[in-house]
Amino acid sequence: MKTREPMGSTAGSFAAGGNSFFQSYKRIILFCVVGVAGAIVDYGARSALLAFGVDPAVSRGISFVLGSSVAYSLNSRFTFTGDRSVKEKGRAALTYTFCFAVVIAVDAFIRSLLDLGGMTVAAAWIGSQAAATSVNFLLQKYYVFQGS
């Protein structure tokens, strides 16, 4: 079975000396595409749960777990070329637990701060997603997928 080389390797670069800027840019683009897929699952799940009368904080937590599961699966295969080992999954679980706390706290903070009528939940979702995505990218790049 052919193994894939990490995106940051010199073998995968265009120039002999490597092209880390291009590789980093490509990784960010892939992370964003994967993030959109996870966000669709996340927001769709939250909308469905809210429609069934689930509390906004609880629905945000459940939807985050679902969207994050999709994002980890796709990022480990395409963005960071992870090995999906027990150690990597443990680091991912810690990362997502931390991001879970970020998303719940920011969502609650925005909902308490803003009163936009029917748009309050959407604004809180966008704000909490942006905060968690930023933290998540850094933790995945430097902690979960070490050396990738």
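1. A word to start with: a residue is called buried here when its relative accessible area is under 20%. With that in hand, look at helix α2, where the buried residues are Ser 59, Arg 60, Gly 61, Ser 63, Phe 64, Gly 67, Ser 68, Ala 71, Tyr 72, Asn 75, Ser 76 and Thr 79. Please keep in mind as you read that this is a predicted model.

2. Now for the overall picture. The protein chain contains four helices and zero strands, and along the sequence its pattern reads α-α-α-α. It has 148 residues, of which 34% count as buried. The accessible surface comes to about 8500 Å², and carbon and sulfur atoms account for 71% of that. If you take the contacts between residues at least 6 apart in sequence, 67% of them join residues at least 24 apart.

3. Helix α2 covers residues 56–79, and both of its ends are worth a look. At its start, a side-chain oxygen of Asp 55 comes to within 3.0 Å of the backbone nitrogen of Ala 57. Just after the helix, Thr 81 adopts a positive phi of about 45°.

4. How do α2 and α3 meet? Their axes come within 10 Å and cross at roughly 145°, and the crossing is right-handed. On the α2 side, the contact is made by Pro 56, Ala 57, Arg 60, Gly 61, Phe 64, Val 65, Ser 68, Ala 71, Tyr 72 and Ser 76. Facing them from α3 are Glu 88, Lys 89, Ala 92, Tyr 96, Cys 99, Phe 100, Val 103, Ile 104, Asp 107 and Arg 111. Several of these α2 residues also appear among the buried ones, including Arg 60, Phe 64 and Tyr 72.

5. Next, follow α3 (residues 86–113) to α4: the two axes come within 8 Å and cross at roughly 155°. Why do α3 and α4 count as roughly antiparallel? Angles over 145 degrees are classed that way, so α3 and α4, crossing at roughly 155°, are roughly antiparallel to each other. This crossing, too, is right-handed.

6. Arg 60 is a good residue to find on screen. It lies in helix α2. Is Arg 60 buried or exposed? With a relative accessible area of 0%, Arg 60 falls under the 20% cut-off and is therefore buried. Setting aside neighbours within four places in sequence, Arg 60 is in contact with Asp 42, Arg 46, Val 103, Ile 104, Asp 107, Trp 125, Ser 128 and Gln 129.

7. One of those partners, Ser 128, deserves its own visit. Ser 128 sits in helix α4, which spans residues 120–144. Its relative accessibility is 0%, so Ser 128 counts as buried. Beyond neighbours within four places in sequence, Ser 128 touches Arg 60, Val 103, Val 106, Asp 107 and Ile 110. Val 103 and Asp 107 are thus listed as contacts of Ser 128 and also as contacts of Arg 60. Within its own part of the chain, the Ser 128 side chain reaches the backbone oxygen of Ala 124 at 2.9 Å.

8. Finally, a stop at Thr 97 in helix α3. Which backbone oxygen does the side chain of Thr 97 reach? The partner is the backbone oxygen of Ala 93, at 2.7 Å. Thr 97 also offers a link back to Val 65: the two are 32 residues apart along the chain, and their C-alpha atoms are separated by 9.1 Å.

Technical notes
Residues numbered from 1 in each chain as written. Predicted model: local features only at pLDDT ≥ 70, side-chain atom pairs only at ≥ 80, totals over all residues. Heavy atoms only, no water. Helix = DSSP H or I, 4+ residues; strand = E, 2+ residues; numbered from the N terminus. Buried < 20%, exposed > 50% of the residue type's maximum accessible area, 1.4 Å probe, protein only. Contact = heavy atoms within 4.5 Å. Areas by Shrake-Rupley, 256 points an atom, 1.4 Å probe, with all protein chains shown as cover. Polar contact = N/O pair within 3.5 Å; in protein donor to acceptor, adjacent residues only side chain to side chain. Axes fitted to C-alpha atoms, helices over the stretch in contact; angles between N-to-C directions. Parallel < 35°, antiparallel > 145°, perpendicular 65-115°, else oblique. Left-handed = near helix turned anticlockwise from the far one by under 90°.
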